[in-house]
Amino acid sequence: MYFDELYAPLRDMQDWQQIAFSAALCERIFPHYALYDSLSENNQVSIARTALDQVWKQLSLRGNMNADTQLTKIEAIVHSEEDESFGAGLAFDALVALMATLHCVDHASFEDAASVAHLSRESVAKFVELHADDELSDEQLIRHISTHELMVQELAFHADVIKLLLSQPIAKASQIDQLKLVAIADGVSNIGISMSHG
């Protein structure tokens with residue numbers, strides 16, 4: 001299967017590389033939570049932003065975080081399942097991805113990194129499905145999602161991050177900074193959502 005082949009290199013990566021992969025993908029879907037938090041006026045986005053920033057600081061050797069403490073803070077702001085709106089679902093997935101990333105910091109694993117990759121892909125799949133023709137059969141919908149430009153771009157990003165990390169035998173602050181910059185993509189998520197034009 002394509003995904004098995006795509007993510008196979010993750011299994012043999014060093015801990016920091018698995019964490020960096022998770023952080024990069026988490027960064028790509030972070031705007032989904034940021035926008036939801038703003039619209040719902042919860043004013044808790046700074047808690048999540050701080051946690052993700054601390055992951056990047058540790059990766060770039062500029063700080064040493066307590067992942068458990070940050071994880072507890074994120075768990076406390078995960079909104080209830082009562083809100084079943086599309087935006088709430090994307091925001092929830094973004095927070096779950098952040099929690100998996102924090103867990104990866106504490107105990108790096110292929111499973112956590114793969115989980116973040118799945119959540120990031122799912123945000124694209126849900127968005128494409130939401131805007132798809134209702135007349136499509138299940139098989140046609142699956143094909144439509146897997147061949148959609150946004151999904152192609154998403155998987156290409158995953159592959160590029162893996163390739164970039166494999167080319168770096170040790171963590172270097174400058175390269176981590178560059179990865180973060182690419183992942184942030186001017187604050188636009190993998191489905192085109194940003195705080196400026198949700």
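A salt bridge is taken here as a side-chain nitrogen of Lys or Arg within 4 Å of a carboxyl oxygen of Asp or Glu. In the predicted model, the side chains of Glu-139 and Arg-143 satisfy this criterion, with an N to O distance of 3.2 Å. Both residues belong to helix α7 (residues 138-147), where they stand four residues apart and are thus separated by about one helical turn. Glu-139 is exposed, at 57% relative accessibility, whereas Arg-143, with a relative accessible area of 44%, is partly exposed.

A search of the whole structure finds seven salt bridges, and others among them join separate helices. Arg-49 and Glu-27 meet through their side chains in a salt bridge of 2.6 Å, N to O; because Arg-49 lies in helix α3 (residues 45-59) and Glu-27 in helix α2 (residues 15-40), this pair ties together parts that are 22 residues apart in sequence. The two partners fall into separate accessibility classes, since Arg-49 is partly exposed at 22% relative accessibility and Glu-27 is buried at 4%. The pair also takes part in a network of salt bridges that links Glu-27, Arg-49, Asp-53 and Lys-180.

A salt bridge is likewise formed between Arg-28 and Glu-154, whose closest N and O atoms are 2.9 Å apart. Here Arg-28 is contributed by helix α2 and Glu-154 by helix α8 (residues 149-166), so that parts 126 residues apart in sequence are tied together. Both ends of this salt bridge are buried, Arg-28 having a relative accessible area of 12% and Glu-154 one of 0%.

Polar interactions were also examined at Lys-126, a residue of helix α6 that is partly exposed, with 31% relative accessibility. When residues up to four places away in sequence are not counted, Lys-126 touches Phe-86 and Asp-93, and with Asp-93 the side chain of Lys-126 makes a polar contact of 2.6 Å. Lys-126 and Ile-191, although 65 residues apart in sequence, have C-alpha atoms 9.8 Å apart in space.

Ser-109 is located in the loop between α5 (86-106) and α6 (110-130) and is buried, at 12% relative accessibility. A polar atom of the Ser-109 side chain lies 3.1 Å from the backbone nitrogen of Asp-112. Beyond residues up to four places away in sequence, Ser-109 touches Gln-18 and Cys-104.

The largest pocket of the model has a volume of about 230 Å³. Twelve residues line this pocket, and those closest to its centre are Phe-3, Arg-121, Ile-145, Ser-146 and Met-151. Two or more lining residues are given by each of the elements α1 (2-11), α6, α7 and α8, with the largest share, four residues, coming from α6. Classified by residue type, the lining comprises eight nonpolar, two polar and two charged residues. Helix α6, which supplies that largest share of the lining, is also the helix that holds Lys-126.

Definitions and conventions. Residues numbered from 1 in each chain as written. Predicted model: local features only at pLDDT ≥ 70, side-chain atom pairs only at ≥ 80, totals over all residues. Heavy atoms only, no water. Buried < 20%, exposed > 50% of the residue type's maximum accessible area, 1.4 Å probe, protein only. Polar contact = N/O pair within 3.5 Å; in protein donor to acceptor, adjacent residues only side chain to side chain. Contact = heavy atoms within 4.5 Å. 1 Å grid on protein atoms, 1.4 Å probe; cavity = no way out; pocket = protein on both sides within 12 Å on 5 of 7 lines; lining within 4 Å. Points joined across faces, edges and corners; volume = space filled by probe spheres on them. Nonpolar A, V, L, I, M, F, W, Y, C, P; charged D, E, K, R; others polar.
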